[in-house]
Amino acid sequence: MKEEIVIGLEIHIQLMTKAKIFCQCSTGYIGKEPNTNTCPVCLGLPGSLPVLNKKVLEFAVRTSVALNCKINQVSRFHRKNYFYPDLPKAYQISQYDTPLGINGYMEISLPESTEKRKIRITRVHIEEDAGKLVHEGDITSSSYSLADYNRCGIPLAEIVTEPDFRSPEEAQIFLVKLRSIVQHLGVCDGNMEEGSMRCDANISLRDAKTGALGIKVEIKNINSFKAVKKALQFEVDRQKKLLAEGEKIMQETRHWDESRNITVSMRSKEEAHDYRYFPEPDLLPVKIDLKMINEIRKNLPELPEARRKRFIKDYQIPEYDAEILTSTSSTGDYYEKAASLYPNGKVLSNWIMGELLRNLKEEKKEIEYSPISSENLVGMLNLIDEGVISIKMAKDVFEKMFETGKDASQIVKESGITQITDENELIKMVDKVINENPKSVDDFNKGKKKALNFLVGQVMRYTKGRAKPDFIFEAIKQRVKKI
Ligand SMILES: [Zn+2]
């Protein structure tokens, strides 16, 4: 049987409002003492009543509009009941049959293809987050667990796609683009590693010939962009192997084990939850007037797609560069600030996509915490243009800037790495090399081009790379001809 891959995603994004979804508690829980950002509402104490934070609604509408969804002008909250110590009320307030946004889509571009793929968005709904359990030691052998309810009531938007992905790579491309969109919208910081963007996936294999659907497996705990592709690819291979061996695929939920690079079974369908949804009696249906939706639509900020096109046009850079530079909002901001100070957009994008992003990745740093500011990067490029340092030297200067956070001119001054601009001094060096290497001079005169490179190399060696290669090249050529 020839199989076709069928993947759908469910993404939770943490909305960056100042207050929680149904109370006035602060959402800034990271680094806070456990259980200090709580009140009777988010602790679910009897008699307390939730009140919807209007900002949460606004952020979720903004997200839905950007994902081309139709907005339900009347939507409703439901109680999703389950018992677990991370949820003091024993139910989560979520949306069920009438979510905020429905029937949207997002287009993704695939590498080495001009074709765009349309991924349908089934729904966007809002809900509250649960608390966090901290286990003593390993969860399986832990003698006790601690509950921290600071995260209870943090606003989330859940985005559900149709099963429109045909490869793990497409799912990853979608997620990267979604992150960039929510960042540009200013509704979520998109930090997957810190949990402000979380992704679950459904995956099955369908018979390509008959279209017969396969058994669906859900994967949870995918917490990085790299893991999305790895976890899905593992699952594709696992399911293909089972089918090839004539085995059956079980409908189950599997957990991505990052350290072992495998998915592990968590629970089968028989153990699946019955959430006993019912309408939340403490909250009225949410009514959104058309005016608010139109206002949000009108004031939508520039989205990555438009920004990418503008970068190509305004800064004369290739599509590929623009794609990378707009893949997160802060990379785009960094580039634009630098581009406002420096005329050559392509030189800038080369340095940012090459040296800068590589160093940041190695140090696991986000670009907003880059030790080299846009201004300092431009300062270094100006030194190259002025002939103070060569491109080769600039690489060393760059490394030192990255290590110390100092600007280029300071590093050049302190370490004395400058190009020798005194031409007389360079000519002396050229003459010395010519006198010392008569054989190479002879070879060059006989037409061996490589001999010239050798002679230039010798000058570079004497000057410890501080000579201008173009100048030396010309100088040797002229003098050798005279001999
Ligand atoms: Zn609260």
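Two strands pair when DSSP finds at least two bridges between them. Keep that in mind as you open this predicted model, because strands are where the tour begins.

**Stop 1: the three-stranded sheet**

Select residues 78–81, which make up β4, and 91–94, which make up β5. These two strands run antiparallel and are joined by 4 bridges. Click on His78 and look across: Ser94 in β5 stands opposite.

Now add β15, and you have an open sheet of 3 strands in the order β5-β4-β15, with antiparallel pairing. At the edges are β5 and β15 (278–279), each pairing on one side only. In general, strands of a sheet pair through backbone hydrogen bonds, in either a parallel or an antiparallel way.

**Stop 2: the loop between β4 and β5**

Staying where you are, select Ala90, which sits in the loop between β4 and β5. What is the phi of Ala90? The angle is near 70 degrees, a positive value in a residue other than glycine. Ala90 is buried, because its relative accessible area is 17% and the cut-off for buried is under 20%.

**Stop 3: the nine-stranded sheet**

Next, find the open sheet of 9 strands, ordered β2-β6-β7-β10-β1-β11-β12-β13-β14, where the pairing is mixed. Its edges are β2 (70–71) and β14 (262–268); each has a single partner strand, so one side of each has no neighbour in the sheet.

Select β10, residues 155–161, together with β7. This pair is antiparallel and runs over 7 bridges. Try His125 here: its bridge partner in β10 is Glu158.

Then move to β6, residues 101–109, and pick out Asn103. Like any residue, Asn103 has a phi angle you can check, and here it is positive, about 50 degrees, although Asn103 is not a glycine. Is Asn103 buried or exposed? Asn103 counts as exposed, because its relative accessibility is 56%.

**Stop 4: a nonpolar patch**

Switch to a surface view and select Val134, Tyr144 and Leu146. Together they form a nonpolar patch on the surface, with about 290 Å² of accessible area. If you go back to ribbons, you will find Leu146 in strand β9, residues 145–148.

**Stop 5: salt bridges**

How many salt bridges does the structure hold? There are 41, and a few of them make good stops.

Start in helix α1, residues 54–66, with Arg62 and Glu58. These two form a salt bridge whose closest N and O atoms are 3.4 Å apart. They are 4 residues apart in the helix, so about one helical turn separates them. Arg62 is buried, with a relative accessible area of 18%, while Glu58 is partly exposed at 24%.

Now select Glu170 and Arg117, whose side chains meet in a salt bridge of 2.8 Å, N to O. This pair links distant parts of the chain: Glu170 belongs to helix α2 (residues 168–185) and Arg117 to strand β7 (residues 116–128), 53 residues apart. Both Glu170 and Arg117 are buried.

For another pair within a helix, go to α8 and select Glu362 and Arg358, which lie 4 residues apart, about one turn. Their side chains meet in a salt bridge of 3.5 Å, N to O. Glu362 counts as exposed at 53% relative accessibility, and Arg358 as partly exposed at 36%.

Finally, select Lys116, Lys177, Glu305, Arg308, Glu319 and Glu323 together: salt bridges that share partners join them into one network.

**Stop 6: helix α10**

End at helix α10, residues 391–404. Use your viewer's distance tool on its end C-alpha atoms, which are 20 Å apart. Why does that agree with expectation? At 1.5 Å a residue, the 14 residues of α10 should span 20 Å, so the two values agree.

Show the side chains of Met393, Ala394, Val397, Phe398, Met401 and Phe402, the buried residues of α10. Color the helices around them and you will see what these buried residues pack against: α8 (345–362), α9 (374–385) and α11 (408–415). Just after α10 comes the last selection, Gly405, with a positive phi of about 80 degrees.

Key:
Residues are numbered from 1 along each chain as its sequence is written. Side-chain values use heavy atoms; hydrogens and water are left out. Patches are made of residues with over 30% relative accessible area and no salt bridge: like charges are joined within 9 Å, nonpolar side chains (Val, Leu, Ile, Met, Phe, Trp, Tyr) within 5 Å. Accessible areas come from the Shrake-Rupley method with a 1.4 Å probe; for residues, only the protein chains shown count as cover. A salt bridge is a side-chain nitrogen of Lys or Arg within 4 Å of a carboxyl oxygen of Asp or Glu. Buried means under 20% relative accessible area, exposed over 50%, partly exposed in between (1.4 Å probe, protein chains only). The expected span of a helix is 1.5 Å times one less than its number of residues. Contact means heavy atoms within 4.5 Å.
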